[in-house]
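Q: I would like to learn how to read cavities, pockets, cores and strand pairing in a model. Please give the general idea each time, then the case at hand.

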Amino acid sequence: MLLTINHVSRYHYDQPVPYAVQRLRLWPTNHPGQVVREWRVEVEGAEREVSYVDGFGNRTELVRHERNAESICVQASGVVETEDRNGVLGPANGTPPLWVFERETELTRPGERIRALASELGALGEGHLPMLHSLMGRIHAQVSYVPGATSVATDAEAALVNGAGVCQDHAQIFISAARLLGIPARYVSGYLRMEGVSEQTASHAWAEAYVEGLGWVGFDAANAICPNDNYVRIACGLDYRSAAPVSGVRTGAAAETLAVEISVEQEQ
């Protein structure tokens, strides 16, 4: 499937910002099931400082706001060809090693509820693949999709206890439980084409777990499916913070307003 993507992030500040820097992870890469046909990232109101590939293989750029800027616009757009592989990405590329994805982070540190969830699944005695499918289904059933119920600072345990969250929370709960079961798991940010939806206000996120014999396999607990040709991967990491499409810091007392417009459409 050919997907045409347009992702615009507009930042506005109520007073000039003395200094600000943004980290962009907005470049999809070629891998099994995904080929980038064309892609560009344009930035207004900021200057590109440095470009590099981070430790997870994500192309990353740092951009610095123009001094005392009151707005910045970041636009990523292009065409990506996708293939439905039932969520199977394939073997690890060796960088970083798999054990890195067994580490806890602040956002994926398990508490009592996640430990109980992992213990229940472990007691079933299933193989890793059916266990992961069961995990995806349980998270989908226990955590309702409610925009605004959580923030980027909400950890996996809190989201599960609250029983509400967004795709970021579903992914981090899955990752936390999978790691307890001894399965390497990572966070993926990207895009999702949704039938009948022309404009979205946020990118998407899901999890990938490493299954012997298959390699990395995707699990989208927010929608209770394995990623198919409606999905485009952008970046991966240990949790939201290491895979966020756009993140940054700024000085001064200015209040920030962010407007996001995303369209993901099948090219006819």
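A: Start with a small enclosed space: the second largest cavity is lined by C167, H170, A171, F174, A205, W206, A207, F219, D220, A221 and A222. The elements that give this lining two or more residues are helix 4 and strand 11, and helix 4 gives the most, with four residues. The model is a predicted one, in which local features need pLDDT of at least 70 and side-chain atom pairs count only at pLDDT 80 or more, while totals for chains, interfaces and linings use all residues. Residues are numbered from 1 along each chain as its sequence is written, and side-chain values use heavy atoms, with hydrogens and water left out.

Q: How is such a space found, and what volume does the second largest cavity have?

A: Rolling a probe the size of a water molecule over the atoms shows where empty space is left. On a 1 Å grid over the protein atoms alone, a cavity is a set of points where a 1.4 Å probe fits but cannot get out; a pocket is an open set with protein on both sides within 12 Å along at least five of seven lines; lining residues have an atom within 4 Å of a point. Grid points are joined across faces, edges and corners, and a volume is the space filled by probe spheres set on the points. Here about 30 Å³ of space lies in the second largest cavity. Helices (H or I, at least four residues) and strands (E, at least two) are DSSP runs, numbered from the N terminus.

Q: How many cavities of 30 Å³ or more does the structure hold?

A: There are two. The largest cavity has about 180 Å³ of space, and of its 16 lining residues H31, L89, P227, N228 and R233 are the closest to its centre. Strand 7, strand 11 and strand 13 each supply at least two residues of that lining.

Q: Which residues lie nearest the centre of the largest pocket?

A: They are V152, T201, A202, S203 and Y240, out of 41 lining residues. The volume of this pocket is about 1000 Å³. Strand 14 gives the most to its lining, with five residues.

Q: Which residues touch the most other members of the largest nonpolar core?

A: A nonpolar core is a set of buried Ala, Val, Leu, Ile, Met, Phe, Trp, Tyr and Cys residues joined through side-chain atoms within 4.5 Å. Buried means under 20% relative accessible area, exposed over 50%, partly exposed in between (1.4 Å probe, protein chains only). In this model the largest core has 60 residues, of which L24, L26, L132, L135, F174 and Y191 touch the most other members. Helix 4 supplies the largest share of this core, seven residues. Contact means heavy atoms within 4.5 Å; leaving out residues up to four places away in sequence, F174 touches L132, L135, M136, I139, A207, A209 and F219.

Q: Why is strand 2 largely enclosed by the rest of the structure?

A: Strand 2 is largely enclosed because four of its five residues are buried.

Q: How does strand 2 pair with strand 14 and strand 5?

A: Two strands pair if DSSP finds at least two bridges between them. Strand 2 and strand 14 run antiparallel and are joined by five bridges, with V246 in strand 14 as the bridge partner of L24. Strand 2 also pairs with strand 5 (residues 59–65), in the antiparallel sense over four bridges; there R64 is the bridge partner of V21.
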